[in-house]
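Morning, everyone. Please bring up the structure on your screens. I'll keep this short.

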Amino acid sequence: MFTELSEKLEATFARLRGRGVLTDADIKDGLREVRRVLLEADVSFQLTGEFLARVEKRAVGVTQLKSVSPAQQLVKIVYDELTLMLGERKEGLKLSSVPPTVVLMVGLQGSGKTTTSAKLARKLKAEGKATRLVAADVYRPAAIDQLETLGRDLQVPVYADRGTQDVVKIAKAGIEQGKKERDRVVIIDTAGRTQIDDEMMQELRRVKEAVQPDEILLVADGMTGQDAVRIAQGFNDAIGVTGVILTKMDGDARGGAALSIYGVTKKPIKYIGVGEKPDALEEFHPDRMAGRILQQGDVLTLVEKAQGAFDADEAKRMEKKIKKEGMDLQDFLSAMKQMEKLGSMQNILKMLPGVNSKVLAQASKVDPKRMKHLEAIVLSMTAQERKKPELLNGSRRARVAKGSGRPVSEVNRLLEQFREMQKMMKRMAVKR
Ligand code: GDP
């Protein structure tokens with residue numbers, strides 16, 4: 001799964017690692033490679049573009065930390081963003097409070113819908129949840145046989161009625177039986193067509209209306225890349241799905257479907273099929289999948305640890321410097337950044353002894369957007385101005401405001417805040 005994508009990304013990062021210090025141009029080059037790899041994996045232009053914009057925004061200014069290189073940090077950024085792209089967090093099957101939970105399986109013919117229904121039944125049964133299958137794929141008699149055979153092998157009861165083609169009736173009767181037998185879950189295998197058509201959607205809508213399913217799971221063939229994404233979107237637009245199961249992920253799926261479906265439909269991938277056997281169904285974990293794609297488990301752990309250490313090191317350095325030479329705007333910005341990163345007041349106070357908690361509490365109210373604005377303002381100053389903010393007269397402030405695209409009033413407010421903090425620090429220093 002994702003072998004090609006994985007290998008290409010690894011090659012890209014290997015090249016970056018070889019460089020040690022990364023210039024902005026190196027990062028741009030690297031990201032251009034990532035872009036190419038994603039497009040080759042059949043991720044859409046738009047999603048690829050959005051993905052890279054997010055990575056690039058975070059990658060600007062990655063610097064050498066104590067024990068991890070910029071390239072390694074870049075891996076971590078790509079990992080985080082891949083996780084988001086794949087769906088953020090694991091979404092399992094939602095069980096109803098009153099049994100049975102009704103799961104409607106939908107999808108095109110050949111997507112693996114019947115096989116997957118059986119796999120899911122097997123999994124739920126193994127979890128101790130009595131599960132029933134309902135054969136509502138009435139247009140393909142072989143499908144009923146197939147489901148019955150699978151059910152027999154797995155010892156999962158199957159409801160079928162060859163005497164009617166009324167799928168609503170079959171679905172309802174199947175659920176009734178499930179209620180009577182005290183099943184926890186009833187999985188309805190519906191009919192698929194070779195492509196999306198109105199008749200199929202109307203039928204699914206009628207079944208949906210009649211049985212009010214707790215889950216509508218779209219089964220899509222992961223090997224078909226962008227087609228799977230379009231199909232998912234089509235089904236979602238027509239009947240609304242609650243989740244996706246991607247099948248045939250054991251094959252040479254290029255990854256495009258898995259990487260795009262959530263971004264396009266905002267519906268989570270809940271499971272993936274990884275083989276023909278009944279046990280070849282896995283829960284889908286976006287973070288683990290991103291890790292598997294990047295094959296860089298060690299690097300990720302290392303970067304996480306180093307980022308933790310970075311804050312402490314930086315805080316110590318800052319404290320020493322502030323004691324010796326007082327605080328300048330650069331320190332102010334670093335302090336604000338650390339606050340943003342750590343979020344918790346307690347942590348900061350521990351790291352910056354001597355800083356008044358009231359000022360910090362006030363400062364920590366900055367939201368992420370304001371933080372970016374603050375940063376833009378400070379970065380629009382010259383190094384000298386940052387060291388000696390008193391240099392910032394009216395015309396300099398106007399220049400800084402223009403350079404950062406923020407109003408002068410905001411520049412003034414920042415300087416005020418800074419002076420407050422500076423005063424506080426001085427008082428603290430005298431006391432100690
Ligand atoms: P349906 O028409 O959607 O009900 O599709 P079926 O359940 O009959 O599956 C179509 C084919 O796909 C069968 O040969 C299955 O064995 C195969 N299949 C389903 N899921 C997977 C999977 O995850 N991996 C592989 N390799 N084959 C699968």
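I'll go through the ligand site, one annotated stretch, two helix pairs and a loop. Keep in mind that this is a predicted model.

Ligand first. How many residues surround the ligand? There are 19. The closest are G112, K113, T114, T115 and G273. Find those five on your screen. Now, which helix gives the most to this shell? Helix α5, residues 113-126, does, with 4 residues. What about the chemistry? By class, the shell has 13 polar residues, 4 charged ones and 2 nonpolar ones.

Next, the annotation. UniProt has an unreviewed entry here. That entry lists residues 268-281 under "domain: SRP54-type proteins GTP-binding". What does the span look like in the model? It is 43% strand and 0% helix. Its end C-alpha atoms sit 16 Å apart.

On to the helix pairs. Take α4, residues 70-86, and α11, residues 286-294. Their axes are 8 Å apart, and the packing angle is about 135 degrees. Oblique counts here as an angle that is neither under 35, nor over 145, nor from 65 to 115 degrees. So α4 is oblique to α11. The crossing of these two is right-handed.

Which residues meet there? From α4 come V75, V78, Y79, L82, T83 and L86. From α11 come P286, D287, M289, A290, G291, I293 and L294. This α4 and α11 contact counts 10 nonpolar residues, 2 polar and 1 charged.

Second pair: α9, residues 226-239, and α10, residues 256-265. These axes come within 8 Å and cross at roughly 30 degrees. Roughly parallel covers angles under 35 degrees. Therefore α9 is roughly parallel to α10. This crossing is right-handed too.

Who touches whom? On the α9 side, look for Q226, A228, V229, A232, Q233 and N236. On the α10 side, look for G256, A257, S260, I261, V264 and T265. The classes in this contact are 6 nonpolar, 6 polar and no charged residues.

Last stop: the loop between α4 and β1, where β1 is 101-107. Two backbone details here. Start with E88, which is found in this loop. What is the sign of its phi, positive or negative? Positive: phi is near 70 degrees, and E88 is not a glycine.

Then go to P100, which lies in the loop as well. What kind of peptide bond joins P99 and P100? A cis one, with omega about -5 degrees.

To recap: polar residues number 13 in the ligand shell. The α4 and α11 pair is oblique, while α9 and α10 run roughly parallel. That's my tour. Thanks.

How values were computed:
Residues numbered from 1 in each chain as written. Predicted model: local features only at pLDDT ≥ 70, side-chain atom pairs only at ≥ 80, totals over all residues. Near = placed C-beta within 6 Å. Nonpolar A, V, L, I, M, F, W, Y, C, P; charged D, E, K, R; others polar. UniProt positions renumbered as here; feature names shortened; annotations may be inferred. Axes fitted to C-alpha atoms, helices over the stretch in contact; angles between N-to-C directions. Left-handed = near helix turned anticlockwise from the far one by under 90°. Contact = placed C-beta atoms within 7 Å.
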